[in-house]
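Student: I would like a close look at a single part of this structure. Please take me through it strand by strand, and then show me what surrounds it.

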Amino acid sequence: MGVIMRMRNWSLIALLLLLIWTAGGRWDSGITGATVAQAFQAPAESPLTLPNQDGSFKFAVLGDFGTGAQRQYQLADQMAAVQKRFKYELVVTVGDNLYGSQRPQDFQSKFEIPYKALLDAGVKFYASLGNHDAREQRYYKQFNMDGKLYYTFKPKSNVRFFALDSTYPEPEQIKWLDKELAASNDDWKIVFFHHPLYSSGDRHGSDLRLREAVEPLFVKYNVSVVLSGHDHFYERIKPQMGIAYFVVGSGGQLRVGNIDRSSGLTAKGFDTDLAFMAAEIVGDQMYFDAISRLGKTVDSGVITRRNIKP
Amino acid sequence: MTHQHNQTRFFGVSIGAFGLIAAAVLALSACGSDKPKAPPATSASPATAPPTERVVGPLSPADAQALATMTARLGEYVDLHTKIERSMPKLPKEATPAQIDKNQRALEKLVREARATAKPGDIFTPEARPVIERLLASVFGGPDGKQLRISIMDESQAPPSAAKLVVNSRYPDTVPLTTVPPQVLQTLPKLTEDLEYRFIGDSLILLDVHAHVVADFIEHAIPK
């Protein structure tokens, strides 16, 4: 009996240590990533499930990242390591790009330094703004927002992205989105913004009012993929009305154990470490991997684009 | 999905009842003026407002009149802000953080000089303040209220005591920009793009976004 009790105690201690290690945040506070990241040893190359074909369109997704803490830097290192093997040309951000103060030095410590390797490699970031972001970020040249709170861009002949300002979904923006989606005849329409239409987040969850405003447009105009953040984890939502939804709010902040598994929405969830998403479009298919801070591929799959005739 | 269907039916049933209100709000927003308009009196609940509209309510005619004093002051503030901003060099669309900061601080200085005698209540007028507090009480007293409060406080990484609020001062750099839940934004009077609502602790801040200046605030706006 005593042995069993001791074993239980040791198990509890081990579990506790594991939880502290995965949470990690308490150890991060006050430490700038630049110094600590040097000590972090990213694991050897993790297996990617992506086709990695020549000439395909490759991109990454990152959200809720600008903390300046150690873990953000570690995930950034992982993103750079992946980019060496899988040459994604751009990163779309799903908001909360900078937490806390947003002075020039914060742009450095929370963005330019951690992602220096990517920026040096010519990877462009296209930002959307979250509820913690100052609106002046839209003028920041590295975010490629052209001074706009919502915008669209076409990085490849058959792919178009639409960035929204989901904090203020004013009628003018919805009208703009309607017009832009209607005018786009691109095979792939991908929308990204901060507040998720679908999320199993115990803290925030689905934004029903936003969903009511924009989902009919997504359905009507053949949007295939919707990328969001806000809840601090990675979640792939079961397809909703044929559309693939992802929550990728795991780029720097993390809310361990925050996915409500009883929501019925989750196709795959990961809420024990930071993660980003790498994706590749090959013809009518979009392949994706969600990759953790430690380099594990925690989710992968393939999406076929929507092609509903009006 | 069931929830969504229920909500859709709800909106389907209620659309006639709120059609006139929605039309009035749309008509106001279509006017194209930068100056916020006085909200119309309405008995509609914010929870039933169209998803992209901000509706102030429920309001009695007296409350609507009280809020109109605030929207008039907002208009004056926006006029001043716009005038000052137009006198300054325009920020390039591809700016460096240093350029953004320099521009912001220059605007901040001019706004502060232009409002040297500003004090609490200049925009959140004494007439409007109790209405705002009541509207917030209705949001935070609702079924989501506890969660909303947690959401705001949880993401405020600096203790409220870290910031002593002063009208017409720079928003404290050490205090994160907190969440302002959609339910709150839907309830409070609509602002132009130059301004936004934020919370520091339980105080409601009216933030001049471009100048990063606290234009006004209401202490203890979030009910306990």
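Tutor: What follows is a walk through one group of paired strands in chain A, with a short visit to chain B at the end.

Keep in mind that this is a predicted model. First, the setting. Chain A has eight helices and 13 strands. Its length is 310 residues, and buried residues make up 50% of them. Take the contacts in chain A between residues at least 6 apart in sequence: 72% of these join residues at least 24 apart.

Start at strand E6 of chain A, residues 188-192. A:Phe192 sits in this strand. Is A:Phe192 buried or exposed? A residue needs 20 or more other C-beta atoms within 10 Å to count as buried. A:Phe192 has 25, so it is buried. Now look at what it touches. Leaving aside neighbours within four places in sequence, its contacts are A:Val92, A:Val94, A:Ser128, A:Phe161, A:Ala163 and A:Leu227. Take A:Leu227 from that list. In sequence, 35 residues separate A:Phe192 and A:Leu227, yet their C-alpha atoms are 4.6 Å apart.

A:Leu227 takes us to strand E7 of chain A, residues 225-228. E6(A) and E7(A) run parallel and are joined by three bridges. Across this pairing, A:Val191 stands opposite A:Val226. How does the chain get from E6(A) to E7(A)? It goes through helix H8, residues 208-220 of chain A, and this β-α-β crossover is right-handed.

Pause in the loop between H8 and E7 of chain A, where A:Asn222 lies. A:Asn222 is not a glycine, but its phi is positive, at about 60 degrees. There are 21 other C-beta atoms within 10 Å of A:Asn222, so this residue is buried.

Back to E7(A) itself. Its side chains point two ways: A:Val225 and A:Leu227 one way, A:Val226 and A:Ser228 the other. All four of these residues are buried. E7(A) also has a second parallel partner, E9(A), joined to it by four bridges. There, A:Leu227 stands opposite A:Phe246.

Next comes strand E8 of chain A, residues 234-237. A:Tyr234 and A:Arg236 point one way, and A:Glu235 and A:Ile237 the other way. Again, all are buried, and that includes A:Arg236 and A:Glu235. E8(A) pairs with strand E9, residues 244-248, in the antiparallel sense over three bridges. Here the bridge partner of A:Arg236 is A:Phe246. We have met that residue already: A:Phe246 also stands opposite A:Leu227 of E7(A). E8(A) and E9(A) form a hairpin, with six residues between the strands. In this hairpin, A:Met241 takes a positive phi near 55 degrees.

E8(A) pairs with strand E10 too, residues 266-270 of chain A. This pairing is antiparallel and has four bridges. In E10(A), A:Thr266 is the bridge partner of A:Ile237.

One more loop in chain A deserves a stop. A:Asp96 lies between strand E2, residues 90-93, and H5 of chain A. Its phi is near 55 degrees, a positive value in a residue other than glycine. A:Asp96 has 28 C-beta neighbours inside 10 Å, so it counts as buried.

H5 of chain A leads us across to chain B. The buried residues of helix H3 of chain B pack against H5 of chain A, residues 104-112. They also pack against helix H2 and strands E2 and E3 of chain B. H3(B) covers residues 97-114 and reaches 26 Å from its first C-alpha to its last. Its buried residues are B:Pro97, B:Ile100, B:Asn103, B:Gln104, B:Leu107 and B:Val111. Why do they lie on the same side of H3(B)? They cover an arc of only 130 degrees around the axis. On the other side, B:Ala98 and B:Glu113 are exposed.

Finally, the contact between the chains. It takes 27 residues from chain B and 28 residues from chain A. On the side of chain B that touches chain A, H3(B) gives the most, with five residues. By class, that side has 12 nonpolar, 10 polar and five charged residues.

Conventions. Residues numbered from 1 in each chain as written. Chains lettered and ligands numbered in written order. Predicted model: local features only at pLDDT ≥ 70, side-chain atom pairs only at ≥ 80, totals over all residues. Buried ≥ 20, exposed ≤ 12 C-beta atoms within 10 Å, placed from the backbone. Helix = DSSP H or I, 4+ residues; strand = E, 2+ residues; numbered from the N terminus. Pairing = 2+ DSSP bridges. Right-handed = clockwise from strand over helix to strand, strands pointing away. Expected span 1.5 Å × (residues − 1). Arc of directions from axis to C-beta. Contact = placed C-beta atoms within 7 Å. Nonpolar A, V, L, I, M, F, W, Y, C, P; charged D, E, K, R; others polar.
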